[in-house]
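Here are a few worked exercises to try with the model open in your viewer. Have a go at each task before you read its solution.

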Amino acid sequence: MKSEDELKEIAEFVGEYATCLLGSGVHTSRVMRNTARIGEALGVTTRISTSQKSVVLTISDSKRNVHTKVLTIPALPISFEYNSELSALSWEACDSHLSIDQLKERYYDILSRPKMRYYWILLLVGLANASFCRLFGGDWGAMGIVFVATVVGFFVRLILQKNHVNHFFIVTTSAFVSSMIASVSLLFDVTADIAIATSVLYLIPGVPIINGVIDIVEGHTLSGLSRLIQAVLLVICLAIGLSISLLLFKNSLL
Amino acid sequence: MILELVNDGIFAAIAAVGFGSISYPPKRAFKYIALLAAIGHALRFYLMHYLSMDIATASFFGSLLIGVAALWFGKVSHCPLTVLYIPALLPMIPGIYAYKSVFALVMLLNSLENQELAQQYVHEFMLNCTVTVSVVFMLAVGATSMIFLFPKKAYSMTRKNRIFVARKNEDGKITGFTE
């Protein structure tokens, strides 16, 4: 038996936990299991229903006291760290019976951990795309050009993200910038088509595609489809950005 | 041959770590992501170049291997399966086919007056698009199938201290443990 205030406090915490997970790219069934586990540890039953933009959450105790909330899912960057740490938190709550205050403390502790520095990510993404170019059979010159194209394109993406520009526009612009820079390879004697092809691949939305497949197979068809549709739209935007460069340079590529 | 495979694996590992870093994986996951990507991509390379398998089937086996290995690595590192295998799958995305489809589409729209050329680009577009979509689908299904085959294992990766309760028979003898 919980008082009205206790139930409300639990609902607020569980709601924030669930929307944080969904916003940072965790597939639906994991969010459902994690929230159910946390609810169980706090002595309440939790039921959630999710869609692309919002969550309906109902928690109830053994005495039929019910509290329901409708929450909006924030658009957070995808974070595997939240995925694994917050999942671990739900097991910890279940195994060592944490109280709501302890849970909150650990939750905010996880959220406030420092993130990887931007320049590290820039460097790693550049190297990654250059090695990707290598895997497709590009030569060292093409790899160098792809490295520069990726770093600049990703930098543009970061700046636009900071200014909260529309996501589709960000992808189109970065794809255009990267492929334009990669088109420099046409001036040299390198594998130009491979360089242009790989220069935009860091924009592929891999996480939504795989989450979408998982969701659909597990029966959360609507969430899965909306994830896949979102991913396809991003791929189309990427293709548009790339096509602009191709239109400009198609004669030298043929 | 071995040198080629190792070379392929190393570049796949760098690619996976770099693409993975966009999605902020926990620091302890990096070495497992690199290893997974290397073995998966090297297997695909081997199947395609030495057993002349097609790219979609080879990708399926590569991602299946990544899924199996991720089950084990997940237990060691306490990371959810998806955290480990999504970045590891990224180097297997068929970028060249995707590029060729976009290129064919652009060329098709530019050669609408020339019937013969347009036909050729429609054909090219369909071919490359089909390969891209089927490879991506196979990649997703291959690694994800581990979650469906071993749901209990896959969904308790992040659990750190398992509590075992002794099962006793009537005489008080311990007969086994349940989680």
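**Exercise 1.** Work out why Val146(A) counts as buried.

*Solution.* Start with the cut-offs: a residue is buried if 20 or more other C-beta atoms lie within 10 Å of its own, exposed if 12 or fewer, and partly exposed in between, with C-beta atoms placed from the backbone. Now count: Val146(A) has 34 C-beta neighbours inside 10 Å, so it's buried. Quick housekeeping: this is a predicted model, where local features need pLDDT of at least 70, side-chain atom pairs count only at pLDDT 80 or more, and totals for chains, interfaces and linings use all residues. Residues are numbered from 1 along each chain as its sequence is written, while chains are lettered from A and ligands numbered from 1 in the order in which they are written.

**Exercise 2.** Place Val146(A) in its helix and list what it touches.

*Solution.* First, find helix 6 (residues 140–162) of chain A, where Val146(A) sits; helices are DSSP runs of H or I, at least four residues, and strands are runs of E, at least two, numbered from the N terminus. Next, apply the contact rule: C-beta atoms, placed from the backbone, within 7 Å. Leaving out residues up to four places away in sequence, the partners of Val146(A) are Asn129(A), Ala130(A), Cys133(A), Ala182(A), Ala195(A), Thr198(A) and Ser199(A).

**Exercise 3.** Describe chain A as a whole.

*Solution.* Tally the elements: 10 helices and 3 strands. Read them from the N terminus and you get α-α-β-β-β-α-α-α-α-α-α-α-α. Finally, check burial: 49% of the 254 residues of chain A count as buried.

Note on methods:
Two residues are in contact if their C-beta atoms, placed from the backbone, lie within 7 Å.
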